[in-house]
Amino acid sequence: MAREPGEGGRLVFDLVDDAAGSGVPVTRSDPDDQRSPDDEGGAGPDPGGPWPPSGAPSGRLRVLVPVAAVLAVVLGTGLAVEGARDGARIERMRDVSGGVADVSVPLAETWRWEGLVGSRTAIDEGRGNEVAVLGDVLVFESDGELVALRPATGEEAWTVPLGEDPDCGPFGAAGWARTTTPSLVCLEGSGADRAATTVGPDGVVSARRELPAADTDRFGLPRPGPDGTVLRARRAGPGSAVDLGDARCTDTGECSGTVVGGQGLALRAEDAGTGAERWSTVVPFRPTRADQCNNWLGSSWDGAGNAVDLAQMIDPRVFGARIGADLVQLYGCGIETAVTPGGVPLGTDIEPGTGGVSSLVSGGYTEFTFEGMVRTVLYDGDGAVVGEIEGHALEPGVTDGEGPGVLLAMDTAGPRLRAYETDGTPRWDATTRAGGQLFLAQVAGTMLVMTGAGDVRGLDAATGETRWVWDATDDADGRYLEDLFVSRTFTDGESVLLLTENGSGGAGLVALDAASGEVVWEQHGDAAVTGGIYQGFDTSLVAVDGHLLEVTPSGVRGLG
């Protein structure tokens, strides 16, 4: 019996078959021991017949009994320890963004829910597949009501009827945006008779609060906001501040020049239940390229339609927003920036159209620029600056939920890859292949990085040394997959599931062992699998409470 190296408490036993083929560990007698059963100790074989005599208790059995008992205890303890570890890992995966209980076997459909996913308005505007992860259920609008599905079975956990012209959020596009939120805010009613309610993870709806028309006139039209708020926004400042400068657009939409002056944007968050102001801020106007100020943007916030007026291509008042649970992204002429759920503006020093702000799963935010000197500014969860990194810093697409958060940055001066803590503290600096990098995952002490050449490398999280390389351009059948890239990743804490796409529109799934880089299984979009994923399967995958779900505008199905 020995401990297997590197496996913690796992026990390894050598099983030796006895003459009867029992296959359990035994204590062998000394072949030179010729003592009779009648001798003191009575352990020797009887040359004249079978040993032990029929019906007599066996000395050998007396030896085996305690050994077998010890073996049972040790095996039972080992299995219990392994079971406890697996249980703890699975439980951890339920709370990890992108965590799935098990991705070690090819996926098959486990259940299917058919119906409209998303509001008809959102689908008409190209915003399909909008969902929210609320507690441990998947929630979306469907034909005038909110529907919550249990991810393990597809059963409807609850439904909430919606009123006229509903607008609920924050939602996110499945597979492309973070969708976890502690509550949803719904606005209902027509014209001046709008009202707000909040919906919790158990489907309980708060009391209805009327939204005064006077507040709309003063603060702007309402939208569902993060953290149980209603957001309002309007242009702020005198109209005389507008200066189109040399900005011009042709009748085909080609714009040049700069809008040098305009109005800022006043943003207000009020408690959805009481109407009390939580916070307010004014985002100042900044000179902006003309192509950031044309009315191709349209706006769902200020009521402007989507129709394009070719006689007035420059619109310095247009604005809109993408409202998430962890960040409000504002866009429009002169005010491209982001605001935290606590009301802190970020990215106000970035020239509109040359950078952006992202939220980190581990908490905090990154602000990056991609023109001139590429750099990333790091913020904590309160919006305070904690560090700065040269290059574009990336967080992993998914983690196993263990260890501190880590960012990777590509050196702009050469093929260097650098790892940092989320406060900018350097961890290591290593040579890597030139080209773009995708930080796919950090699982089991390994960082999975995809290079511009199309291969995936497993790097030691502590040192940056390469542990293994998987060539993504060759699948198991020896075919070349042109322009392959990874769009999403999931993990069960041991294997990493890669959702791959290529330039021709094909999609597939590949599961890699995080520690070794070995292909656990792979499944490509043009390979039909009975009961599994077929050609053209949708890439809008989302993990909910440890279960992987595929979301389309016409339904949801469980994969496992």
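## A walk along strands β25 to β27, then β37 to β40

Begin by selecting strands β25 and β26, which form a hairpin with 5 residues between them, and look in the turn for glycine 363, whose phi is positive at about 105 degrees. Keep in mind throughout that what you have open is a predicted model.

With the hairpin still on screen, show the backbone: strand β25, residues 355–359, pairs with β26 in the antiparallel sense over 5 bridges. To see one of these pairings, select serine 358, whose bridge partner in β26 is threonine 366.

Next, select strand β26 by itself, residues 365–369, and display its side chains. Tyr365, Glu367 and Thr369 point one way from the strand, while Thr366 and Phe368 point the other way. As a general rule, the side chains of a regular strand alternate between the two faces of the sheet. Is β26 buried or exposed? Of its 5 residues, 5 are buried, so the strand is largely enclosed by the rest of the structure.

Now follow the chain onward into the second hairpin, that of β26 and β27, where there are 5 residues between the strands and glycine 372 takes a positive phi near 70 degrees. Strands β26 and β27 run antiparallel and are joined by 5 bridges; to find a facing pair, select threonine 369, which stands opposite arginine 375 in β27.

From there, move to threonine 376, which lies in strand β27, residues 375–379. Its relative accessibility is 0%, and because buried means under 20%, threonine 376 counts as buried. What does the side chain of threonine 376 reach at 2.7 Å? It reaches the backbone oxygen of glycine 391, and a polar atom of the same threonine 376 side chain lies 3.0 Å from the backbone nitrogen of alanine 393. If you display the surroundings and leave aside residues up to four places away in sequence, threonine 376 touches several residues, including Thr366, Glu367 and Phe368 of the chain, as well as Gly387, Ile389 and His392.

For the last stop, select β37, β38, β39 and β40, 4 strands that form an open sheet in that order with antiparallel pairing. Strands β37 (485–491) and β40 (519–524) stand at the edges, each with a single partner strand, so one side of each is left without a neighbour in the sheet. From one strand to the next, the twist averages 20 degrees. Finish by zooming in on β39, residues 507–513, which is joined to β40 by 5 bridges, and select leucine 512, whose bridge partner in β40 is valine 519.

Key:
Residues are numbered from 1 along each chain as its sequence is written. This is a predicted model: local features need pLDDT of at least 70, side-chain atom pairs count only at pLDDT 80 or more; totals for chains, interfaces and linings use all residues. Side-chain values use heavy atoms; hydrogens and water are left out. Helices (H or I, at least four residues) and strands (E, at least two) are DSSP runs, numbered from the N terminus. Buried means under 20% relative accessible area, exposed over 50%, partly exposed in between (1.4 Å probe, protein chains only). A polar contact is a pair of N or O atoms within 3.5 Å; within protein, one must be able to donate a hydrogen and the other to accept it, and residues adjacent in sequence count only if both atoms are side-chain atoms. Contact means heavy atoms within 4.5 Å. Two strands pair if DSSP finds at least two bridges between them. Axes are lines fitted to C-alpha atoms, for helices over the stretch in contact, and angles run from 0 to 180 degrees between N-to-C directions.
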